Amino acid sequence: MSDFRQKALDYHAFPTPGKISVEISKPAETAQDLALAYSPGVAEPVREIAADPENAYKYTGKGNLVAVITNGTAILGLGNLGPLASKPVMEGKALLFKRFANIDSVDIEVTHRTTEEFIQVVAAIADTFGGINLEDIKAPECFEIEKALIERCNVPVFHDDQHGTAIVTAAGLINSLEVQGKSIEDAQIVCMGAGAAAVACMQLLIKCGALRENIYMLDRNGVIHSRREDLNEYKSLFANNTDKRTLEDVMQDADVFVGVSGPDVLPASAVSMMADKPVIFACSNPDPEIKPELAHATRQDLVMGTGRSDYPNQVNNVLCFPFIFRGALDVRASQINDEMKVAAVEAIRGLAKEAVPQEVLDASGYEKLEFGPDYVIPKPMDPRLLPRVARAVAIAAVESGVARAELPENYMLD
Ligand SMILES: NC(=O)C1=CN([C@@H]2O[C@H](COP(=O)(O)OP(=O)(O)OC[C@H]3O[C@@H](n4cnc5c(N)ncnc54)[C@H](OP(=O)(O)O)[C@@H]3O)[C@@H](O)[C@H]2O)C=CC1
Ligand SMILES: CC(=O)C(=O)O
Ligand SMILES: [Mg+2]
């Protein structure tokens, strides 16, 4: 067994299995403590919440509690390995919520027969939480699930693989194109993958200025074009009227490759065909569409990102979901809308242009980081992400009319 594999297994197994635990937040030592925490004292907040459900935010942990919910049908790029196998990833998301945004989070892995059954399970438990983070649910079911849950739930519902990925991809890509002296409006974009992440990434890039006709999307059957008869309604949104059929056809003179598909699907020969100064985001986890070593050996003029922590330019939704939920929870937003997403894009990408604090250099193992080919997007451990992104998102929620609480005082200051 490789050293790294054993280390990863030991990290998860010892000293206590798993990555999260629950802590109590009030005294519970004496009979008097217990009389307040449990019977008879607990009856008082029960009565208050029964009288007005909003009081759940005042007397319980609901307002700082997010559920990470999956059915395990698209676990990273590992595929449909079922709900239980997804638990380490979901515990990982809960760890990240707590580590980066002090949000309490529990993972919920749902076994279900039909999509409607999954929707009913989540809708039935949603009021327990301040927000619902859907994770690793495959396309096309994820689109119907998210839409139905947004309609049925009173709290924000956010499919991280769609929107978290899209926000971080847009932030990193706009900055990368700037480094390369190009603009998103002119960029020829190839998107490998046509699932949850791909559809949302391309939709947000279009909102940020990309032209739909400049985007070529591919699935396992090649280029998505208007004469294909096997397309679902989401893939159809990206069907081009074109004779191009293969990856090589669309990579000729492409400015951008976004991979949200699977491991090692981008050959070096296709990288050679791209335009001068290209951008490659090989975002599949854990194994990217092309290894950075191979891509860099093929092109010297490249900006390259992956979803991983062990290469420069980590294009990963961890840069978004803890912070967007922090902002949404803090103004009790009823939903996470496009205005909030675009605000997150701008806040994340703006931070990459500022001087990097020493603690971030220490935590990421760099002596120096400055805006350029190897630093187009902030590091997840940058402590400025939390105040910047959460504040931008909360202000966007207030201004777009979905906030149900006022901007907290600490958000007023920059
Ligand atoms: N870095 C990040 O932050 C994130 C990365 N991702 C990565 O993106 C990938 C997809 O995730 P997600 O969208 O949630 O999953 P989905 O199951 O919703 O979509 C997967 C898509 O990838 C396509 N695909 C898979 N293998 C290949 C291949 N060999 N060649 C061409 N297309 C392929 C599928 O094609 P078809 O439709 O034909 O089946 C499908 O369109 C994963 O690897 C995941 O790790 C996802 C979210 C965040
Ligand atoms: C990062 C992530 O959410 C994924 O690869 O699915
Ligand atoms: Mg995911």
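## A walk around the loops and ligands

Asp264 sits in the loop between S8 and helix H12 (268–272). Select it first, and keep in mind that you are looking at a predicted model. Check the backbone here: Asp264 has a positive phi of about 55°, though it is not a glycine. Most residues other than glycine have a negative phi. Is Asp264 buried, exposed or partly exposed? With 13 other C-beta atoms within 10 Å, Asp264 is partly exposed; the cut-off for exposed is 12 or fewer.

Now go back along the chain to Asp253, in the loop between helix H11 (247–251) and strand S8 (256–259). Asp253 also has a positive phi, near 65°, without being a glycine. Asp253 has 11 other C-beta atoms within 10 Å, so it counts as exposed.

Next, ligand 1. Select the residues around it and you should get 29, with Gly77, Gly195, Asp219, Ser284 and Gly307 the closest. Helix H8 (160–179), helix H9 (196–207) and strand S6 (215–219) are the elements that each give two or more residues to this shell. H9 has the largest share, 3 residues. Color the shell by class and you'll find 13 nonpolar, 12 polar and 4 charged residues.

Where does ligand 1 lie relative to the domains? Color domain 1 (27–155) and domain 2 (163–306): both give residues to the shell, so ligand 1 lies between them.

Stay with H8 for a moment. Its 20 residues should span 28 Å at 1.5 Å a residue, and the end C-alpha atoms are 27 Å apart, which agrees. H8 is mostly covered, with 18 of its 20 residues buried. Just past the end of H8, Gly181 has a positive phi of about 75°.

For a wider view, highlight 162–398, which an unreviewed UniProt entry lists as "domain: Malic enzyme NAD-binding". That span is 41% helix and 10% strand, and its end C-alpha atoms lie 23 Å apart.

On to ligand 2. Around it, pick out Leu76, Asp136, Asp160, Asp161, Asn285, Gly307, Asn316 and Asn317. By class, that makes 1 nonpolar, 4 polar and 3 charged residues.

Last stop: two prolines. Most peptide bonds are trans, but the one from Phe14 to Pro15 is cis, with omega near -10°. Pro15 lies in the loop between helix H1 (3–13) and helix H2 (31–37). Then jump to Ala139 and Pro140, joined by a cis peptide bond with omega about 0°. Look for Pro140 in the loop between strand S3 (131–134) and helix H7 (141–152).

Technical notes:
Residues numbered from 1 in each chain as written. Chains lettered and ligands numbered in written order. Predicted model: local features only at pLDDT ≥ 70, side-chain atom pairs only at ≥ 80, totals over all residues. Near = placed C-beta within 6 Å. Helix = DSSP H or I, 4+ residues; strand = E, 2+ residues; numbered from the N terminus. Nonpolar A, V, L, I, M, F, W, Y, C, P; charged D, E, K, R; others polar. Domains from an automatic or database assignment. UniProt positions renumbered as here; feature names shortened; annotations may be inferred. Expected span 1.5 Å × (residues − 1).
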